[in-house]
Amino acid sequence: MLGIGKRDTTILLVVAFMALAAPIILNPFPANSAMAQFNAGYPDLMQRFVIFGIFAIGFNILFGLTGYLSFGHAAFLGAGSYAAVWMFKLLSFNVIPAVLLSIVVAALFSVLIGFISLRRSGIYFSILTLAFAQMSYNLAYSVLTPLTNGETGLQVYTSDPQYLRGEGDPIVTHLFGLEMRAKETLELGPWAFDFSVGYYFCAILMLISFYISIRIFRSPFGLMLRAVKSNNHRLSYTGLNSRPYALTAFIISGAYAGLAGGLLAAMDPLAGAERMQWTASGEVVLMTILGGAGTLIGPVLGAGFIKYCENIFSKINENVLHSWFAALPDGLETGLVWVASKFVGEGWHLTLGLMFMLVVIFLPGGLVEGGQRIGRALRRRRGQDEPGRSAAKEPAE
Amino acid sequence: MDAIILQILNGLDKGSAYALIALGLTLIFGTLGVVNFAHGALFMIGAFCAVTVQRLMQLSHTEIDESRTDFLGNPLQVEVPYLESWFGPELGQALISWSVPLAILLAIPVMMLVGWIMERGLIQHFYKRPHADQILVTFGLAIVLQEIIRQFYGANPIPTPAPDALRGSVDFGVWLGFGPGVIFYPVWRFVYFLFSLLIIGGVFAFLQFTTFGMVVRAGMADRETVGLLGIDIDKRFTLMFGIAAAVAGLAGVMYTPILSPNYHMGMDFLVLSFVVVVVGGMGSLPGAVLSGFLLGIVQSFASMNEVKAILPGIDQIIIYLVAIIILLTRPRGLLGRRGVMEE
């Protein structure tokens with residue numbers, strides 16, 4: 001279907017189902033119960049899931065396929081955000097031109113950076129991209145203030161021209177009149193499910209991006225990119241110049257990052273330089289690795305996992321911990337709470353760093369590899385019970 | 001002329017810090033072949049050694065001072081640091097005021113230990129893995145280290161002043177024959193510069209004039225052959241990792257009076273130090289030192305108002321710009337050997 005293989009279609013359908021039914025799946029606990037804090041089904045968070053999913057899918061096209069580790073992708077995210085907000089300022093609050101321009105701007109920007117950075121590979125490439133991203137970040141804060149509004153961040157003011165704005169248009173971001181923040185709440189007994197326009201807009205774009213990434217993975221071009229990763233030297237010995245392929249991958253992933261940045265701005269028309277900081281680049285690297293670099297579904301999983309943990313972990317504070325461990329004896333409780341409080345709330349980054357280290361050390365293939373290992377172990381056990389079924393299929397990607 | 005000298009001087013202290021961190025990075029890369037993204041965190045831990053020593057020295061207890069009274073006529077309760085009651089007020093005060101230089105004594109063993117644990121516990125398992133994995137795991141480690149520091153010391157910068165005797169500025173221009181009051185320069189920055197020269201000289205002398213250093217240099221050139229000669233090169237490389245960590249730590253300790261330590265100072269310096277290493281030439285120790293000082297001075301020239309008037313914002317990006325130009329025109333860096341990481 002759609003020109004992709006059977007297994008890929010299954011993956012696409014599963015992701016599509018998960019994305020479209022997310023408001024229900026992610027809200028398994030009744031709204032007023034104690035477990036409601038683990039619900040993730042509200043629009044704000046779900047939007048971040050899919051937006052960072054797009055970012056990670058794009059990053060994976062570069063890192064997962066070609067093996068070039070870029071530490072500067074946040075620059076494209078930031079550029080996309082700025083471009084989108086400028087469209088809001090100049091044209092209207094319609095998101096279509098904003099998203100389109102953010103893709104174009106980020107792609108052009110990545111042509112420039114990619115053309116220079118890709119002259120080197122390995123660690124030099126990482127450092128070059130890092131240098132470019134830091135440069136953009138510093139410039140956005142200082143000289144480019146007329147374009148970026150410096151530390152305040154770029155936002156839309158009532159005095160902005162907005163040439164295409166019609167009479168009755170809403171003054172929040174909208175899609176031809178359909179407000180992004182509009183939502184429909186469905187109440188089923190104690191459960192409440194929010195279906196928001198903004199979320200579905202992002203989710204559909206995410207599915208399109210995901211589909212394109214599947215096509216790239218399975219295309220001859222994708223095979224070429226894998227060849228760059230596995231043996232660049234041999235590729236050049238066969239008389240092929242690998243740089244145009246790598247550059248194309250770089251531009252595609254830059255455009256994805258721009259789309260993600262544009263969507264961030266479309267959900268909340270605000271852009272700040274901190275989106276370009278290199279810790280933000282580190283974050284997308286984390287998501288891709290955590291999910292599984294080079295796999296189709298890995299980046300989406302990683303992005304969702306990290307954003308979910310971030311949200312949940314930073315919400316927990318000492319009071320919550322005390323209520324969890326209340327059943328324990330006093331001394332033990334205080335000790336446990338003291339230890340646990342270092343890892344939640346403000347300390348969420350500590351957990352993130354530890355998680356990241358553990359994944360790189362023990363599970364270089366990320367969550368996907370973890371799933372495969374568990375699957376293989378299960379199959380092996382079943383195989384012992386009834387021989388003949390142990391002829392396992394090769395693991396899914 | 002005086003403006004030029006002033007800018008050179010201004011660049012020296014930052015350049016010294018870059019040079020020290022880059023030296024450690026290069027030592028690790030040259031010996032173990034590992035790209036250590038956690039090196040900035042080691043610099044930061046060194047700085048917090050100084051904070052720790054300062055806090056320990058200021059530990060105090062309350063005493064009743066009979067000679068002074070509050071407004072009701074009762075004897076006044078005063079906080080007296082333990083050091084003062086042990087060594088007498090003068091020596092005690094002097095010790096407290098010299099807490100930053102004294103922190104070196106704590107920092108050396110602590111940093112060696114941290115380096116040893118890092119290498120044995122984590123990095124040795126990554127020698128055979130690709131560079132990308134090394135970058136990623138040390139990046140994760142850097143996050144963990146800086147978050148741990150933040151848990152214990154908070155997120156705000158902690159002021160750690162220089163010793164009283166070394167505070168203030170000297171009229172440096174007079175020594176060079178300019179009029180008085182033309183070039184003022186803080187004393188501590190001089191101290192920092194001299195200190196860094198001392199450390200750099202020490203590391204080079206250690207590598208050049210001791211048997212141990214000779215073996216390490218041989219190992220950097222050809223690890224396998226040294227191993228075949230029956231020398232346990234791994235053990236020596238581990239020690240070199242410790243030394244590199246100590247160099248970064250000492251750079252951090254002495255930098256605290258210039259920049260109040262905060263938990264993310266390591267990351268800020270790390271990015272620049274990598275640029276320094278790359279400009280100097282991956283794996284070249286003299287290159288790292290040279291480009292450290294050079295980039296520090298270039299940066300200080302770029303932040304002159306006259307330069308900024310022509311090229312606004314140049315001070316923010318000059319280092320990266322230099323790095324990009326060097327990488328594109330001379331990929332092995334200023335003093336890099338041909339064929340080492342030239343990809």
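Colleague: In chain B, how far apart are the end C-alpha atoms of residues 20-53?
Modeller: This is a predicted model, in which local features need pLDDT of at least 70, side-chain atom pairs count only at pLDDT 80 or more, and totals for chains, interfaces and linings use all residues. Residues are numbered from 1 along each chain as its sequence is written, and chains are lettered from A and ligands numbered from 1 in the order in which they are written. Residues 20-53 of chain B are 82% helix and 0% strand (helices, H or I, are DSSP runs of at least four residues and strands, E, of at least two, numbered from the N terminus). The end C-alpha atoms of this span are separated by 22 Å.

Colleague: Which helix gives the most to the side of chain A that touches chain B?
Modeller: In total, 34 residues of chain A are in contact with 30 residues of chain B (contact requires C-beta atoms, placed from the backbone, within 7 Å). Helices H6 (122-141), H12 (278-291) and H16 (348-362) of chain A each supply at least two residues of that side of chain A. With 12 residues, the greatest contribution is that of H6(A).

Colleague: How are H3(A) and H13(A) oriented to each other, and what is the handedness of their crossing?
Modeller: The axes of H3 (residues 43-66) and H13 (residues 298-315) of chain A come within 8 Å and cross at roughly 140 degrees (axes are lines fitted to C-alpha atoms over the stretch in contact, with angles from 0 to 180 degrees between N-to-C directions). H3(A) is therefore oblique to H13(A), as angles under 35 degrees count as roughly parallel, over 145 as roughly antiparallel, 65 to 115 as roughly perpendicular and the rest as oblique. The crossing, called left-handed if the near helix is turned anticlockwise from the far one by less than a right angle and right-handed if clockwise, is here right-handed.

Technical notes: Two residues are in contact if their C-beta atoms, placed from the backbone, lie within 7 Å.
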